[in-house]
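User: Hey, can you walk me through how the helices and strands pack in this one? I'd like to go piece by piece.

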Amino acid sequence: MAQYQELNALSRKISTVKEWLKRGLDPRFLLYRFKWNLVAKYDVVLDFPLHVDIETTESCNLKCVMCVHGTEGVPDTGMIDMDFATSTIDQVVAGGAKSIKFNWRGEPSLHKGLEELVRYAKELGVLEVQINTNGIPFKRDRIERLIDAGIDRVIFSMDGATKETYEKIRVGADFDKLMENITAFHEIREAKGRTKPFIRIQMVRMKDNRDEVETFLNMWSGIADDIAVKDVTNRGQGNQLDVGDQVTEGRKRCNQPWQRMIVARDGKVFPCCSDWDRTYEIGDANTTALKDIWQGQKMEALRDINRQGHLNEIDPCKNCFVTSSYTWRPMTSEERAQRDADEAIL
C-alpha cells in the first residue's frame, strides 16, 4: 500500500457524504473540499491557503502520554491577544481561506474569548470554523454559547472506551466529565433544532487501548457524526506506544504546504501542524502580511523539498507525525512476531 489505511475509512467516507447532505448540499463546501484534495495532488499553489490554524493558546489542562505536554512540556505558554486574533481573522477572510481552526498545540477552551472569536469568524463568512478539544474544561452554559456563536465542528480527542484506560492515557482527565460534555453538545444542538456543530470523536490507537477500538467505534452511535481512529505517531515520546500494524516504507510529498498554514499564539507562522517544536518558522504575522508569508521564499523552499522527496533532510519533515507524508505497507508476520516478543519482555 502507498497510503496509510485508516481503521474505519469506509465509515468516515460515508460520514463525509452525510455531512454535506446536512449542510443542505452547500456547493461552497463541496468546492472547498475539492480544492483541498486538488492542490495537494497536482501541486497547485493558491494565492492563499484554504485553511489557517490560529492558536488561541499553547496551554493545556492535561498531560497525555503521547503528547509533548505530557513528555517534555511546553516552555512558554499564554493566551492570544484578542485584537491580534481578530486582525488575523480579517486577513484570513480577505485572503479567501474557507476554514479556521482555533487551536494548534493547546486546549482552546482555556481561552475565555473563544466564543467571541468563533462568532467573529462566522459573521465574516468563514465557511468552516472548528476546534480540537479534550472537552474537559467545558460547562453546559459555555457549550450553549459556543453553539450559538455558530461553531461548525467540534473534534473531541478521547483515547479509550473505558474510564480506566482513558484516564491512564489522558493524565488529569475525567472520563465521566467528558462523557457528560460530549452528550451536552449533542443534546443542546438537538434542542435548538440545528445540524451544527458536527461532532467528531477521535481516538489515537496505541498499546494501552488497542483492545478497545471496537467498543469505541460502537459507543457513540446517535451522538457522533464522525468517528476516527488513527495509530499513535511520534510527537517526542518515542515509539514505545506504537502498535505498528503498518510500517513506513518511504516518504512522499506532504499535502500540508499546499493546503494550510499555522499562526501561533505569539504571531510566529509555521507551515504545518506537525512542527510542534517550532523548528521551521516561515514568518511573523506581527510584521508581515499572511499572504506574503504564504507566498514567501521559506514556504516555497519547503514545497521544493517536498517536490524533490528530501523530507528526511530537514526539520520538521524528518520527524513528521502526519501519516500522509509517508508510504506504507502492512507489517509482515515475522515483524509482528518480533514486536509481540519485544512487548512480552517489557
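Analyst: Sure, we can start with the sheet and then go on to the helix pairs. Keep in mind that this is a predicted model.

User: OK, the sheet. In what order do the strands come, and is the sheet open or closed?

Analyst: It's an open sheet of 9 strands, running β6-β5-β4-β3-β2-β1-β8-β9-β10, and the pairing is mixed. β6 (226-231) and β10 (283-284) sit at the edges with a single partner strand each, so one side of each has no neighbour in the sheet.

User: Does any helix sit on it, I mean, which strands does helix α2 touch?

Analyst: Helix α2 (residues 27-42) packs on the sheet and touches β1 (51-54), β2, β3, β4 and β8 (260-263). The direction of α2 makes about 65° with that of β3.

User: Let's stay with β3. How many of its residues are buried?

Analyst: Strand β3 covers residues 128-133, and 6 of its 6 residues are buried. Glu128, Gln130 and Asn132 point one way, while Val129, Ile131 and Thr133 point the other way, and all are buried.

User: So there are charged and polar side chains in there too. How does β3 pair with β2, parallel or antiparallel?

Analyst: Parallel: β2 (residues 99-101) is joined to β3 by 3 bridges. In that pairing, lysine 101 has glutamine 130 of β3 as its bridge partner.

User: And with β4, how many bridges?

Analyst: There are 4 bridges between β3 and β4 (residues 153-157), again in the parallel sense. Glutamine 130 turns up here as well, with arginine 153 of β4 as its bridge partner.

User: Nice. Switching to helices: at what angle do α3 and α4 pack?

Analyst: Helix α3 (residues 82-95) and α4 pack at about 25°, with their axes 10 Å apart. They're therefore roughly parallel to each other, and α3 passes α4 in a right-handed crossing.

User: Which residues meet there?

Analyst: From α3 you have Met82, Ala85, Thr86, Ile89 and Asp90, and they meet Glu116, Leu117, Tyr120 and Ala121 in α4. By class, that contact divides into 6 nonpolar, 1 polar and 2 charged residues.

User: What about α4 and α5, how do their axes cross?

Analyst: The axes of α4 (residues 114-123) and α5 (residues 140-149) come within 8 Å and cross at roughly 15°. That makes α4 roughly parallel to α5, and the crossing is right-handed.

User: And who makes that contact?

Analyst: On the α4 side it's Leu114, Glu115, Val118, Arg119 and Lys122, and on the α5 side Arg142, Arg145, Leu146, Asp148 and Ala149. The class count for this one is 4 nonpolar, no polar and 6 charged.

User: Last pair: how far apart are the axes of α5 and α7?

Analyst: They're 10 Å apart, and α5 packs against helix α7 (residues 175-191) at an angle of about 50°. The two helices are therefore oblique to each other, and α5 passes α7 in a right-handed crossing.

User: Which side chains should I click on for that one?

Analyst: Go for Arg140, Ile143, Glu144, Leu146 and Ile147 of α5, plus Asn181, Ala184, Phe185, Glu187, Ile188 and Arg189 of α7. That contact has 6 nonpolar, 1 polar and 4 charged residues. Leu146 is also one of the α5 residues in the contact with α4.

How values were computed. Residues numbered from 1 in each chain as written. Predicted model: local features only at pLDDT ≥ 70, side-chain atom pairs only at ≥ 80, totals over all residues. Heavy atoms only, no water. Axes fitted to C-alpha atoms, helices over the stretch in contact; angles between N-to-C directions. Parallel < 35°, antiparallel > 145°, perpendicular 65-115°, else oblique. Left-handed = near helix turned anticlockwise from the far one by under 90°. Contact = heavy atoms within 4.5 Å. Nonpolar A, V, L, I, M, F, W, Y, C, P; charged D, E, K, R; others polar. Buried < 20%, exposed > 50% of the residue type's maximum accessible area, 1.4 Å probe, protein only. Pairing = 2+ DSSP bridges.
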